[in-house]
Amino acid sequence: TARRGTIVAVHGGRGGAGVTFVATHLAAAFARRGSAVLLDADPVFGDVAQALGAPSGDDPEPVHTFADAASLGEDLGPEQLKGALWRHSSGIDVLLPPPPEEAARLGPGELRLVTAAAAGVADAVVVHLPRALGPMTIAGAETTDRLLEILTLDVVSFRATSRAMEAFSPLHLEGRVEFVVNRAARSEVTRGDVGRVFGKPALAVLPLDRGVRSAQERGRLLPTRGRMARRFDRLSAALLDRDVDEMAS
């Protein structure tokens with residue numbers, strides 16, 4: 001029987017909600033449980049590569065990219081994709097972004113092709129979706145097993161999330177969408193408002209951590225033994241085991 005990993009897409013309707021932070025740390029949590037591939041479906045900006053301190057096109061040692069894998073077309077399979085992945089020290093296998101001029105030519109068809117191949121490589125595939133609700137974002141949401149919508153506890157973020165949910169409604173993702181609150185702190189908007197507004201409680205609540213910005217600017221992940229890592233370990237377990245009952249506690 002062909003292997004197929006769980007595909008988890010990560011999206012945020014508001015810029016700065018922490019999509020890159022969640023995608024990279026969730027992929028690391030999946031890697032601690034088994035194996036994980038991380039795909040950046042917004043490769044023009046290369047936020048994932050930067051957050052992980054990945055090599056760029058300026059490095060002397062050549063690396064394969066999303067464009068290289070997609071160029072194989074229907075010949076791309078799990079074995080071909082394996083040869084294009086870059087291994088992060090956390091154990092995440094990452095498909096690195098191509099130069100911007102090549103990234104701009106990638107579309108939904110290439111994303112579907114690469115995601116399907118990645119699902120044959122690892123236990124979990126994390127897809128970092130663009131914020132804009134364009135063809136790449138819709139394609140990524142359409143092919144996912146679970147869609148994590150990242151929001152913060154403020155009115156602007158809730159409005160952006162509502163717009164995203166409206167855009168995703170034609171895809172009939174009922175049962176596949178989960179909400180993750182990032183940078184939770186004291187606010188007039190509370191975690192309980194997630195359930196009231198969106199009809200479903202937050203799957204996970206990630207506390208405000210002032211070390212995140214510094215770590216991302218240096219291309220590092222947060223320590224694996226800290227409180228935040230434990231939150232992501234619980235989130236990864238819930239997503240793979242389909243057991244979400246206790247995640248919001």
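Two strands are taken to pair if DSSP finds at least two bridges between them, and with that criterion Leu148 stands opposite Glu178 in strand 7 of this predicted model. The pairing that holds these two residues joins strand 6 (residues 146-151) to strand 7 in the parallel sense, over five bridges.

The sheet as a whole is open and has eight strands, which follow one another in the order 3-4-2-5-1-6-7-8, with mixed pairing. At its edges stand strand 3 (86-87) and strand 8 (204-207), and because each has a single partner strand, one side of each is left without a neighbour in the sheet. Elsewhere in that order, strand 1 (residues 6-12) and strand 5 (residues 124-128) pair in the parallel sense over five bridges, and here Ile7 stands opposite Val125 in strand 5. When the reader follows a strand by eye, it helps to recall that in a regular strand the side chains alternate between the two faces of the sheet.

Strand 7 deserves a closer look. Seven of its eight residues are buried, so strand 7 is largely enclosed by the rest of the structure. Arg183 has its place in this strand, yet Arg183 is partly exposed, with a relative accessible area of 39%. Its backbone also calls for attention, since most residues other than glycine have a negative phi. Phi of Arg183, by contrast, is near 55°, a positive value in a residue other than glycine. A positive phi of about 55° is found for His172 as well, although His172 is not a glycine. His172 sits in the loop between helix 8 (155-168) and strand 7, and at a relative accessible area of 57% it counts as exposed, because the cut-off for that class is over 50%.

The aromatic side chains offer another way through the fold. A pair of aromatic rings is described by the distance of the centres and the angle of the planes. A search of the whole structure finds three such aromatic pairs. One of them is formed by Phe21 and Phe232, with 5.6 Å from centre to centre and 80° between the planes, an edge-to-face arrangement. This pair links distant parts of the chain, given that Phe21 is in helix 1 and Phe232 in helix 11 (residues 227-241), 211 residues apart. Both Phe21 and Phe232 are buried. In another pair, the ring centres of Phe179 and Phe198 are 5.0 Å apart and their planes lie at 25°, so this pair is stacked. Phe179 belongs to strand 7 and Phe198 to helix 9 (residues 192-198), and the pair therefore ties together parts that are 19 residues apart in sequence. Phe179 and Phe198 are buried too, and ring pairs link them with Phe158 into a cluster.

Helix 1 (residues 19-33), which carries Phe21, can be checked for its length. At 1.5 Å a residue its 15 residues should span 21 Å, and the end C-alpha atoms are indeed 21 Å apart, which agrees. Of these 15 residues 13 are buried, so helix 1 is largely enclosed by the rest of the structure. On the side of helix 11, Arg230 lies in that helix and, at 48% relative accessibility, counts as partly exposed. The C-alpha atoms of Arg230 and Ala29 are separated by 8.7 Å, although these residues are 201 residues apart along the chain.

A further contact between separate stretches of sequence involves Gly120, which lies in the loop between helix 6 (108-119) and strand 5. Gly120 is buried, with a relative accessible area of 17%, and its C-alpha atom is separated by 9.7 Å from that of Lys82, 38 residues apart from it along the chain.

The last feature is the space that the protein leaves open. The largest pocket holds about 780 Å³ of space. Among the 29 residues that line the largest pocket, Gly16, Gly18, Val19, Thr20 and Gln216 are the closest to its centre. Helix 1, helix 2 (47-51), strand 7 (177-184) and helix 10 (211-217) are the elements that give two or more residues to this lining, and the largest share, four residues, comes from helix 10. By class, the lining of the largest pocket comprises eleven nonpolar, nine polar and nine charged residues.

Terms used. Residues are numbered from 1 along each chain as its sequence is written. This is a predicted model: local features need pLDDT of at least 70, side-chain atom pairs count only at pLDDT 80 or more; totals for chains, interfaces and linings use all residues. Side-chain values use heavy atoms; hydrogens and water are left out. The expected span of a helix is 1.5 Å times one less than its number of residues. Buried means under 20% relative accessible area, exposed over 50%, partly exposed in between (1.4 Å probe, protein chains only). On a 1 Å grid over the protein atoms alone, a cavity is a set of points where a 1.4 Å probe fits but cannot get out, and a pocket is an open set with protein on both sides within 12 Å along at least five of seven lines; lining residues have an atom within 4 Å of a point. Grid points are joined across faces, edges and corners, and a volume is the space filled by probe spheres set on the points. Ala, Val, Leu, Ile, Met, Phe, Trp, Tyr, Cys and Pro count as nonpolar, Asp, Glu, Lys and Arg as charged, and the others, Gly among them, as polar. Rings of Phe, Tyr and Trp (its six-membered ring) pair if their centres lie within 6.5 Å; planes under 30 degrees apart count as stacked, over 60 as edge-to-face and the rest as tilted.
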